[in-house]
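Me: I am in my first year and still learning how to read a protein structure. Could you take one part of this one and go through it slowly with me, step by step?

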Amino acid sequence: MASFDLKSPEHSGLEYLRDYHTFGRRVDSVDTALQHAFISKLHAIIEWREPYWYIKDVSKNGIKLNGKIIPAQKQLPLDKGDVVDFAGMNEVTLTMVSLDAPQAMLINTEQPSEITPLAESVLLPNETSPELALYLCPDREQWFADDIARGVEVGPFDHNDAIEIENKTWKFLLVAEDDATKEFDPKQTTLDEIIFRFDLSQDEESTNLTLIQNGLEIDLGERSHHYLLVHLLRHRLDDHSGWLDSQLLMKELGLEETHMNIHIFRARKQVANALPNAIGHSKLIERRRGALRVNISNVEIYKEGVKEL
């Protein structure tokens, strides 16, 4: 999570960078507004181009980087500790604190140093007593949340939107980077290339999941959330679309909404941890308003050693 320390007469403190972060005087169109006469409407751009962050001067009055004027309209790489002086007057400066890759997160508005990184699904404030199940919907390409207490979906959430969790106000910092926009890495795999083998006991009280990739087996053990995947896969055989009403799913599995959301979260997290180089974890279990479906194409289901699917 890249961050910088901003110093100015009217504004200072820790801030975080989006993947394409703009600075200037126009409050309605920049990420960090700097209200000073010598600041241009659009003064500077800091942009992530893996594996580096770059700064570009697009202003009328120029920029100093570590005390030296930089060429206009030319991208220069940044290092940790670099000091950017807007207009070179030493009145509005920022110091690069961290240069990690950009990441979506929630920021505590009262304590900006307190952040919650956003994976493709996360239970808030924690897995033990969640209030919200926050997730990135791949169909709508937006963030939504299931309000566990009320049993309703809320959202979508955009950059700079705020939510209340445990009497704290959190602000969304969203970036454009996702699985769909990243340049393809030949070393990466997709979930379609992985065999998901489920082994059920005769009474279906236990479900073991093994991931098979190029002959290599990864045993994920027996987990209750594995049966949720099996149930959704079986439903997909009856309905080609695969979508299953959430209320019906809870009734059929005897789950409360809180437990169902925890199962979904844990299934995604376990597969993501087991396959760190695979892309598309958010599509393992997809959500739309009031419905779920599993998105696994390479499946084997065995019951007491007898192949079912």
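Reply: Let us begin with the strands, where β1 and strand β2 (residues 12-16) pair in the antiparallel sense over 5 bridges. Please keep in mind throughout that this is a predicted model. To follow the pairing by eye, you can look for D5, whose bridge partner in β2 is L14, and then trace the hairpin of 4 residues that joins β1 to β2.

β1, which covers residues 3-7, is also joined by 5 bridges to strand β11 (residues 93-98), and these two strands run antiparallel. Two pairs of residues help to show this arrangement: S3 stands opposite S98 in β11, while L6 stands opposite L94 in β11.

With these pairings in view, you can place β1 in its wider setting, an open sheet of 6 strands with antiparallel pairing, in which the order is β2-β1-β11-β10-β7-β8. At the edges of this sheet stand β2 and β8 (68-69), each of which has a single partner strand, so one side of each is left without a neighbour in the sheet. As general background for looking at any such sheet, the side chains of a regular strand alternate between its two faces.

The helices make a useful contrast to study after the sheet. In general, two packed helices are described by the angle between their axes and by the distance between those axes. The axis of helix α1 (residues 224-238) and that of helix α2 (residues 246-253) come within 12 Å and cross at roughly 120 degrees. α1 and α2 are therefore oblique to each other, and their crossing is right-handed. On the α1 side the contact involves Y227, L228, H231 and L232, which meet L249, E252 and L253 in α2. Sorted by character, the residues of this contact of α1 with α2 comprise 5 nonpolar, 1 polar and 1 charged.

α1 also meets helix α3 (residues 257-274), and here the two axes come within 9 Å and cross at roughly 95 degrees. That angle makes α1 roughly perpendicular to α3. The residues that make this contact are S224, H225, H226, L228 and L229 of α1, together with H263, I264, R266, A267 and Q270 of α3. In the contact of α1 with α3, the residues divide into 4 nonpolar, 5 polar and 1 charged. If you would like one residue to follow from one contact to the other, try L228, which takes part in the contact of α1 with α2 and also in the contact of α1 with α3.

Conventions
Residues numbered from 1 in each chain as written. Predicted model: local features only at pLDDT ≥ 70, side-chain atom pairs only at ≥ 80, totals over all residues. Heavy atoms only, no water. Axes fitted to C-alpha atoms, helices over the stretch in contact; angles between N-to-C directions. Parallel < 35°, antiparallel > 145°, perpendicular 65-115°, else oblique. Left-handed = near helix turned anticlockwise from the far one by under 90°. Contact = heavy atoms within 4.5 Å. Nonpolar A, V, L, I, M, F, W, Y, C, P; charged D, E, K, R; others polar. Pairing = 2+ DSSP bridges.
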